[in-house]
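This report considers selected helices of a single structure. The sequence and the model are shown first.

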Amino acid sequence: MKDRAAKGIGKVNLAVGLVMLVISYLIIIASMVMMIVINDPHGWQQYFHESAFRFLSACICVMLLFAILFYYYYFEDKAFIAKGKNVFLIYLVLIIAVLVCYFFGRFVSIYLRPVAMLALIGLFLFGRRQAIILNFVFSLLMFVIDTFTNNFDSSPNSVYISLMLSFACGTFAVFVAANVKTRWELLLTGVFLGIPGLAIVLLLELSELDFAHFDWIPYVASAGYGILGCVLSAMLALCILPVFEMAFNRLTVFRLRELTSANAPLLQRLRSEAPGTFNHSLIVAQLAETCAIAISENAELARAAAYYHDVGKLKQPECFTENQTGYNVHDELTPELSADIIRSHAQDGYDLLIANHLPKEIADVAREHHGTLPIKFFYDKANRLSGGDANIRNYSYLGPKPTTKVAAIIMIADASEAATRAIKDRSPVTVERIVRSVIEERMDLDQFSDCNITMRELTIIKQTLVDSLTGVHHHRIKYPAIRFNRAHQAVKEESKGDE
Ligand SMILES: [Fe+2]
Ligand SMILES: [Fe+2]
């Protein structure tokens, strides 16, 4: 995803993004009108009659905030807003957060507003930096709407309280929840968020303390609402996130975890129908995750994408070496047909993953993990049979080449795992030589030209793979194989080699 950020947005995409911006803007203006009507069911006509300019000011302020958010993405992440649905998603999340906070503030208590909900949803849907800017815009947007639509006519100070709560709790939420991996941990985060929530509520309440007519009940109630509002933020984020995950096919750490669980349907199929491929994928996933961590890429995505990178082999599992037990179907096929079967697993995997509604980022890796590399074994066989007339294009994967660093990692980890699987000497020197040749061969064949992976990152990946592969294939100590009979007496001793 980051790799594509450098590319331009294109006029058509920009126009679509702007249309989405205008649609979202009209929705928020309609929401503001609705708030004014709800706030004063009998006098809202009078509001528009007397305060038309006030409402116009609110509309202009909201337009400015929407535009600031759009410009942020235009300069910081063009690739993201190149898709119109992403633009709509950003503003939709924002509008939902505004409406939820409005209703809680209006009908229960200003302190019960789930002010950190947007920051949490933004964090898991878009990442930390985007969550911070979204929360910043949300806090100001809520402030403008509260001010101009008379949400707290009876208590004007509430507007500032709301601004403080949104900004502080939202920003705190982004950092507290940054390393959350499960939905249960997210719920616990809500409790932690109660700390700044409670502190702000108490400070604001104490600043207006009237010692002459002190009544502790409202203070305790406000403090309780403050904590509850933060817990509510986490609970609502938990409820809303799956809707966005499915509706917009967005990746979150929770969804990635679910996709790599033992219950994931495609993985269950892979385990029962292609056990060799399944085991290979498990090792590649472990390697890819370690490499992603080493170069600060998305480790959860790398792990999930590696699990699914070879699901295309489900179409004809017996045609792939790791699933064969003696009989090799390719002995009876022409090299051209064999190569065609082998290379089609990349596209078949992509099609299968898209058909099963898996995230496109994972499907892309399945299609890209062999890039445009030649299938050397069958190209060589064809050359031997034809006397050197084989066309390499007929014996090469169709691509595309890796477009992300995660796809590049999986391409290298996949080939390194396959190349080291069969060797007996797994010393660091030998493994290093093999992994280096895997990377150099792919560089020679220009496989990394569509992703912005650097030489430094390739060196780190190489070293990480060497460390991991020598660990994965470590030598076991020799031990005697002793068979016992039912009386627990050793009946035979023989020396057995490494396993
Ligand atoms: Fe593959
Ligand atoms: Fe593979």
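Which residues of α10 are buried? In this predicted model, the buried residues of α10 are Y225, G226, G229, C230, V231, L232, S233, A234, L236, A237 and L241. Several of these positions can be read against the general geometry of a helix. An α-helix has 3.6 residues a turn, so residues three or four places apart point the same way.

**Lengths of two helices**

The expected and modelled spans of α10 and α18 are set out below.

| Helix | Residues | Number of residues | Expected span | Distance between end C-alpha atoms |
|---|---|---|---|---|
| α10 | 216-247 | 32 residues | 46 Å | 46 Å |
| α18 | 405-421 | 17 residues | 24 Å | 24 Å |

For α10, a rise of 1.5 Å a residue gives the expected span, and the distance between the end C-alpha atoms agrees with it. The corresponding values for α18 also agree. Helix α18 is mostly covered, with 14 of its 17 residues buried.

**Local features of α10**

Helix α10 has a kink of about 25° at I240, shortly before the proline P242. Just after α10, N249 adopts a positive phi of about 50°.

**Packing of α14 and α16**

Helix α14 (residues 299-308) packs with helix α16 (residues 360-368) at an angle of about 55°, and their axes are 9 Å apart. Because of that angle, α14 is oblique to α16. The crossing of α14 past α16 is right-handed. Which residues meet where these helices pack? On the α14 side they are L301, A304, A305 and Y308, and these meet E361, I362, V365 and A366 in α16.

Note on methods
Residues are numbered from 1 along each chain as its sequence is written. Chains are lettered from A and ligands numbered from 1 in the order in which they are written. This is a predicted model: local features need pLDDT of at least 70, side-chain atom pairs count only at pLDDT 80 or more; totals for chains, interfaces and linings use all residues. Helices (H or I, at least four residues) and strands (E, at least two) are DSSP runs, numbered from the N terminus. The expected span of a helix is 1.5 Å times one less than its number of residues. The bend at a residue is the angle between axes fitted to the seven residues ending there and the seven starting there. A residue is buried if 20 or more other C-beta atoms lie within 10 Å of its own, exposed if 12 or fewer, and partly exposed in between; C-beta atoms are placed from the backbone. Axes are lines fitted to C-alpha atoms, for helices over the stretch in contact, and angles run from 0 to 180 degrees between N-to-C directions. Angles under 35 degrees count as roughly parallel, over 145 as roughly antiparallel, 65 to 115 as roughly perpendicular and the rest as oblique. A crossing is left-handed if the near helix is turned anticlockwise from the far one by less than a right angle, and right-handed if clockwise. Two residues are in contact if their C-beta atoms, placed from the backbone, lie within 7 Å.
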